[in-house]
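Reader: I am new to this structure and would like to go through it with you. Could you show it to me before I begin asking?

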Amino acid sequence: MSDLLRSFQESLAQTSPNPMGLDIVHAEGCWLTDRSGMRYLDLVAGLAVNNVGHRHPKVVAAIKEQCDRYLHVIPYGEFVQEPQVRFAERLTSLLPPGLDSVYFVNSGTEAIEGALKLAKRVTGRTRIAGFRGSYHGSTHGSLSLTDNETKKYRNRPLLPDAMHLAFNDETELDRIDQRTACVVVEPVQGDAGVRVPAPAWLRALRDRCDRVGAVLVFDEVQTGFGRTGKRFAWEHSGVVPDVLVLGKALGGGLPMGAFVSSAERMRLLTHDPVLGHITTFGGHPLPCVAGLTALDLLESESLAAHAERLGALFRERLVHPLIREVRGAGLMLAVELNDPESVQHVVQHCLSQGVLGFWFLSCPSAFRIAPPLVISETEVELACGAIRKALDSLSQARKS
Ligand code: PMP
């Protein structure tokens, strides 16, 4: 065992008994290189982070330029920091009215926490509603909304007034009532194994929230920035939330989260008490310049449309007797095999062929395809060839 691997196991807190343990020394575009020189085509994108590819030269240049100006200078909100202002301005220019004020934080889960606090302030209510199958993060508030009992049971008590409704099911919407502060939904569920709801259901959800005065929050941490074939997933249904939660690809490969709402709602965080939500590092200038550059690339390279096209190519090519279903939107796909052992086999076999795939937290019977959105047709063909080969080897193993 190398020194580095030993230290990885001994000095770093571990989250799983069997980490993949890849030792990456270089990343570029859709490719990762490990210390032995082996290259991997990345179908994971750091879990839907590297939408514009790894180390895009423009993103790297923007980070370097900002390093020559200043890094952290003050906790969020006190000084005028041009990178924050320009990024917020650009982001809101791409969003509909009502989503015109941005609060930058450091991660997806932190953005969910901010959204929950804001919804409580707006409504004066405490009940929060989420959906079956959802994942919203690992801190206490977001975990209360998350519907994964194995991640929750050791951490109770969580937030006291959380409830979960059936996803994509209109019959449960009347459980949202005058006591509900907010309803938080992934417009396409990610860790549940990529579940796309009916646009009509999202419209009915919007109507119900309007009727009872509940704040509708869209968690677009995973679906944002072109991943589903639109700039944001809300565009598929046209349903505009009251609060939009962002993360992952937001920072162009650097850590960042944000919740976005109306200036009027956000003003509630300035008084009674003042500093109603605070963060030291939120809106750090480096993720702001990286995120702004990545957003410009998303637009100038039409990456959302590209994701739509190449997602369709994956679906066309992923035909095999062992594949039960390929579901999802754009380049946020789940390949259903109906069996966790098959998923492990395929992920391992693909890895040995230099293709990096991954599974889901809450759906062990499928594996995910979420590459950088800059993936080329040739790379899609290569990935699908490797997946089909892995499935062939599985069929072969079963026969013998
Ligand atoms: N919401 C969704 C939909 C997510 O997929 C995730 C992360 N997988 C989060 C929230 C939490 O984000 P983070 O890990 O940055 O806290």
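Author: The conversation below turns to the ligand, then to some unusual backbone geometry, and then to a few single residues.

Reader: What should I know about the model and the numbering?

Author: This is a predicted model, in which local features need pLDDT of at least 70 and side-chain atom pairs count only at pLDDT 80 or more, while totals for chains, interfaces and linings use all residues. Residues are numbered from 1 along each chain as its sequence is written, and side-chain values use heavy atoms, with hydrogens and water left out.

Reader: Which residues are around the ligand?

Author: They are Ser107, Gly108, Thr109, Tyr135, His136, Gly137, Glu186, Asp191, Asp219, Val221, Gln222 and Lys248. A residue is listed if one of its heavy atoms lies within 4 Å of the ligand.

Reader: How does that shell divide into nonpolar, polar and charged residues?

Author: The shell has 2 nonpolar, 6 polar and 4 charged residues. Ala, Val, Leu, Ile, Met, Phe, Trp, Tyr, Cys and Pro count as nonpolar, Asp, Glu, Lys and Arg as charged, and the others, Gly among them, as polar.

Reader: Which polar contacts does the ligand have?

Author: A ligand nitrogen is 2.6 Å from an N or O atom in the side chain of Asp219, and a ligand nitrogen is 3.1 Å from an N or O atom in the side chain of Lys248. At Thr109 the partner is a polar backbone atom, 2.8 Å from an oxygen of the ligand. A polar contact here is a pair of N or O atoms within 3.5 Å; within protein, one must be able to donate a hydrogen and the other to accept it, and residues adjacent in sequence count only if both atoms are side-chain atoms.

Reader: And how much of the ligand does the protein bury?

Author: The protein buries 81% of the 390 Å² that the ligand exposes when taken alone. These accessible areas come from the Shrake-Rupley method with a 1.4 Å probe.

Reader: Changing topic, where are the cis peptide bonds?

Author: One joins Arg156 and Pro157, with omega about 5°. Another runs from Asp272 to Pro273, with omega near 0°.

Reader: Why point those out?

Author: Most residues other than glycine have a negative phi, and most peptide bonds are trans.

Reader: Which residues have a positive phi, then?

Author: Asp272 has a positive phi of about 50°, and Ala45 has one of about 55°; neither is a glycine.

Reader: Are those two buried or exposed?

Author: Ala45 is buried, at 0% relative accessibility, whereas Asp272 is exposed, at 65%. Buried means under 20% relative accessible area, exposed over 50%, and partly exposed in between, with a 1.4 Å probe and protein chains only.

Reader: Where do they sit?

Author: Ala45 lies in helix H2 (residues 45-48). Asp272 is in the loop between H10 and H11. Helices (H or I, at least four residues) and strands (E, at least two) are DSSP runs, numbered from the N terminus.

Reader: What about Val52?

Author: Val52 is in the loop between H2 and helix H3 (57-67). Val52 counts as buried because its relative accessible area is 9%. Its C-alpha is 6.0 Å from that of Leu373, although the two are 321 residues apart along the chain.

Reader: And what does the side chain of Ser144 contact?

Author: A polar atom of that side chain lies 2.9 Å from the backbone nitrogen of Leu159. Ser144 belongs to helix H6 (residues 140-145) and is buried, at 3%.
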